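Subject: Handover of a structure and notes on it

Dear colleague,

Please find the structure below, which I am passing on to you for your own study. My notes on it follow.

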Amino acid sequence: MSDATIRSRQPSVRRLPLAAPLRLARPSDMWFKPALSVVVATAVPDLVLFAVDRLDLVMYTMAGSLCALYGHNLPYTRRARAVAGVVVSMVIGLAISLVAASLTGSTAVLIAVGAVLAAAQKTLCDATRIGPPGPVIFTFVTSAALFAPQRLSQVPGHLALTLAAGAIAWLVTAGPALVRREGPERRATARALDAAAAYLADPGHRTRHAAAAAVHGAWQTLLAAGRPTPVRQALERLVVHAEAALGAFPDVPAPASAPVPAPDRLRAWARQARARGPVPTPPSARGASEELLGIEAERAARRGGSRREARRALLRSLAPGSPLLPIGARALVGCALAGYVSQAAGVGRPYWAIVTAASLYQANVTLSWNRALQRTLGNLLGVLVFAAVLPVSRTGPLALIGFCLFFGFAAEALITRNYWLGSVAVTPMALLVLEFGGTHPAAGELIGDRVLDTVIGAGVGLLAAMLVTNRRAAGRLEKALAATDLARAHAVHALAAPQPTPAALDAARRRLTGSLVELREADETAAGEWWQRALPQEQVLAAEQAGHRTLAATATRRGSIARAPENGAV
C-alpha cells in the first residue's frame with residue numbers, strides 16, 4: 001500500500017477562525033465550586049491583613065489563595081494531594097521570583113527569569129495534567145513578583161504568608177469531603193450519563209467521542225476515589241448503564257448484560273446523581289456484579305502502582321522527544337520576546353506582557369490563535385471595567401477588598417462560558433491588586449501600560465507560536481494510533497479466549513476506551529498544528545471505527561457469558 005493511500009494531504013498553514021472562538025458555551029456544571037472556593041480562600045487572609053493594617057501584603061497571601069482554583073474535578077483523596085502540590089509549587093516559583101527581584105534591578109534579567117519560569121510552569125502543568133486554570137495563575141503570580149520592590153531579608157516572611165494562605169486554600173478545597181465525600185464522583189457519573197443520553201438521542205462521531213470520554217473519565221474518577229462505599233458502588237452501577245450506550249450500534253446488538261435505558265431515563269439518573277439525595281438505583285443488569293468485582297480488583301491493583309505509574313508518566317512527558325517540550329519552547333521564546341518588546345516600548349514593569357503571552361499557549365497553533373483573540377478582547381474590555389470601578393475602589397480598603405472578591409467570583413462564574421468573558425473580570429481584579437500596595441499609580445498611565453502590554457503580549461506570543469514548530473504532534477498521534485491498535489488486539493485476544501472472564505473483558509474494554517480517548521485528543525491536537533507532515537487521518541478513522549466495534553463486541557460477548565449460568569450452561 002502506498003503512503004499516499006494512508007496519509008491525507010493537509011496544508012501546512014490552516015485557516016484561522018474569527019467568530020467561533022468568541023461564541024459563548026453552556027456554563028460548566030460545577031462553575032460555582034472554584035468561584036466560591038477562591039472567594040473564601042481570599043477573604044480570610046484579606047480580612048486578617050485588614051484587621052492588622054497590613055493590606056500592602058495582599059499580593060503574597062493572594063498567591064496562596066489562588067491555589068483554591070485547582071483540583072475541583074478530582075476526587076477528594078487525589079485533590080488533597082494535588083492542591084498540596086500546587087501550593088508547594090507556588091511557593092517555590094514565588095521564592096525564585098522574590099530572590100531574583102531582591103538581587104537585581106535589571107529589567108532585562110527579570111524578563112529572562114520570568115520567561116524561564118513561564119516555560120517551566122507550562123511544561124509541568126501539561127505534564128501533570130493538573131487541569132484548569134493551568135499555568136496562567138503561576139505565571140501571573142511569579143511574573144508580578146519579579147517587578148515588586150523586594151529586599152532579601154523580607155523573602156522568608158513573604159513566603160510564610162503565601163504558605164499560610166495556601167494552607168487555607170487547601171482546607172477550603174479539601175474540606176467539603178467532610179460534608180459530601182463522594183461529590184466529585186457523583187458529578188463525574190452524572191456527566192457520563194448525560195453524555196450517553198446525548199449519544200443515544202443523536203448518534204454521531206462527535207457525540208460518541210464525548211460519551212466515551214465522559215464514561216472513561218467517570219471510571220478514572222471512581223477508581224481514584226479510594227475504598228468503595230455504598231454510594232460509590234451505586235455510582236459504578238450507573239456508569240455500567242452509561243457504558244452500555246457505547247455498544248448501541250445499528251449493526252451490533254445492544255449488550256444484554258446491561259440493557260440500554262432510554263435517554264430520558266439516563267438524564268433523570270444524572271439529575272439524581274448530582275443532587276444531595278440518595279443515588280438512584282438502576283434496574284439490575286446481568287453481569288453487573290462481575291464487572292463491579294473486576295473494577296474492585298483493578299482498584300486494588302492500582303493502589304500499589306498508581307504513584308509509580310504517575311511518576312513514570314511524568315518522566316516520559318519531560319523526556320527528550322516529548323511533544324510537550326516544543327510548547328514549553330514556545331512559551332520561553334514568546335514570553336521573553338513579549339517582555340523585551342514591551343520594555344522597548346517604554347513599559348517599566350512588563351510583567352503583563354509576559355503573562356499575556358504565556359496564557360496563549362495551548363495544545364496547537366489553532367487553539368493558541370483562539371486564545372489570543374479571547375485574551376485580547378477580554379483584557380481590553382476588562383481595562384474599561386477597571387477604569388469604571390477604580391474611583392469607587394479608592395474610597396476605602398473594604399471597598400477594594402469587596403471589588404477583588406466580586407471579580408474573583410465573577411471570573412470563575414463566566415470563564416466556562418468563554419475565556420474572553422472570564423478575562424473581563426480577571427483583568428480588573430489583577431489590576432486592583434496593585435492598589436493594596438498604597439502607591440496608587442496614575443490611572444491613565446496604568447491603563448495605557450496594560451493595553452499596550454496586552455497587544456504586545458498577544459501579537460508577539462502568537463508570532464512565536466507560529467514560528468516555533470511542534471512537529472512532534474504528528475509523532476504523538478502515531479504513538480496513540482499504535483497504542484490503540486495494541487489495545488484493540490488485546491481486546492480481540494480476550495474475546496477469542498475459550499472461556500473469557502467478565503473481569504478480563506471489562507479490563508480490556510476500559511483499556512481500549514482510554515486509548516480511543518487519547519487517540520482522538522492526539523488527532524485533534526495534531527490537526528490544529530502548523531508546519532508538519534501530513535497526518536494518517538484515514539488510519540485514525542479506521543482505528544476508531546474498528547475500536548468502537550470491538551467495544552460493542554466485548555459488551556455483547558460479556559452479556560452472553562452473564563446469561564450462560566441462567567440458561568444452565570456450564
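In this predicted model, residue T42 has its place in helix α2, which covers residues 32–51. Is T42 buried or exposed? Its relative accessible area is 7%, which is under the 20% limit, so T42 counts as buried. Leaving aside residues up to four places away in sequence, T42 touches M62, S65 and L405.

Two of these partners lead to helix α3, for M62 and S65 are listed among the buried residues of that helix. Helix α3 spans residues 58–65 and is mostly covered, with seven of its eight residues buried. The buried residues are V58, Y60, T61, M62, A63, G64 and S65. They pack against α2, α4 (76–103), α6 and α7 (155–174).

The third partner, L405, is one of the buried residues of helix α16. This helix runs over residues 397–415 and has 19 residues. From its first C-alpha to its last it reaches 27 Å, close to the 27 Å expected at 1.5 Å a residue. Besides L405, its buried residues include L400, I401, F403, C404 and F407, and also E412. Against which helices do the buried residues of α16 pack? They pack against α2, α15 (365–393) and α17 (419–432).

Helix α10 may be read in the same manner. It covers residues 230–244, has 15 residues and reaches 22 Å from its first C-alpha to its last, close to the 21 Å expected at 1.5 Å a residue. Eleven of the 15 residues of α10 are buried, and the helix is mostly covered. Among these buried residues are A234, L235, L238, V239 and V240, as well as R232, E236, H241 and E243.

I turn next to the charged side chains. Side chains of opposite charge can pair when their charged atoms come close. How many salt bridges does the count come to? The count comes to eleven.

One of them joins D29 and R191, whose closest N and O atoms are 3.1 Å apart. This pair links distant parts of the chain: D29 lies in the loop between α1 (3–6) and α2, while R191 lies in helix α8 (residues 183–201), 162 residues apart. D29 has a relative accessible area of 26% and is therefore partly exposed. R191, at 29% relative accessibility, also counts as partly exposed.

In another salt bridge, the side chains of D56 and R54 meet at 2.9 Å, N to O. D56 is partly exposed at 36% relative accessibility, and R54 is partly exposed at 37%.

A further salt bridge is formed by the side chains of R129 and E518, at 3.5 Å from N to O. R129 lies in the loop between α5 (107–128) and α6 (136–146), and E518 lies in helix α20 (residues 502–527), so this pair ties together parts that are 389 residues apart in sequence. Why does R129 count as exposed? The reason is its relative accessibility of 57%, because exposed means over 50%. E518, with a relative accessible area of 24%, is partly exposed. In addition, salt bridges that share partners join D29, R191, D194 and R274 into one network.

The surface also carries a nonpolar patch of about 310 Å², made by V116, L332, V333 and L337. Which helix gives the most to this nonpolar patch? Helix α13 (residues 324–344) does, with three residues. L332 is found in helix α13, and at 36% relative accessibility L332 counts as partly exposed.

Lastly, some values describe the protein chain as a whole. Its secondary structure comes to 21 helices and zero strands. Of its 570 residues, 52% count as buried. Among contacts between residues at least 6 apart in sequence, 83% join residues at least 24 apart. The contacts of T42 with M62, S65 and L405 may serve as a starting point when you read the structure. The chain exposes about 24400 Å², and carbon and sulfur atoms supply 65% of this area.

With kind regards

Note on methods: Residues are numbered from 1 along each chain as its sequence is written. This is a predicted model: local features need pLDDT of at least 70, side-chain atom pairs count only at pLDDT 80 or more; totals for chains, interfaces and linings use all residues. Side-chain values use heavy atoms; hydrogens and water are left out. Patches are made of residues with over 30% relative accessible area and no salt bridge: like charges are joined within 9 Å, nonpolar side chains (Val, Leu, Ile, Met, Phe, Trp, Tyr) within 5 Å. Accessible areas come from the Shrake-Rupley method with a 1.4 Å probe; for residues, only the protein chains shown count as cover. A salt bridge is a side-chain nitrogen of Lys or Arg within 4 Å of a carboxyl oxygen of Asp or Glu. Helices (H or I, at least four residues) and strands (E, at least two) are DSSP runs, numbered from the N terminus. Buried means under 20% relative accessible area, exposed over 50%, partly exposed in between (1.4 Å probe, protein chains only). Contact means heavy atoms within 4.5 Å. The expected span of a helix is 1.5 Å times one less than its number of residues.
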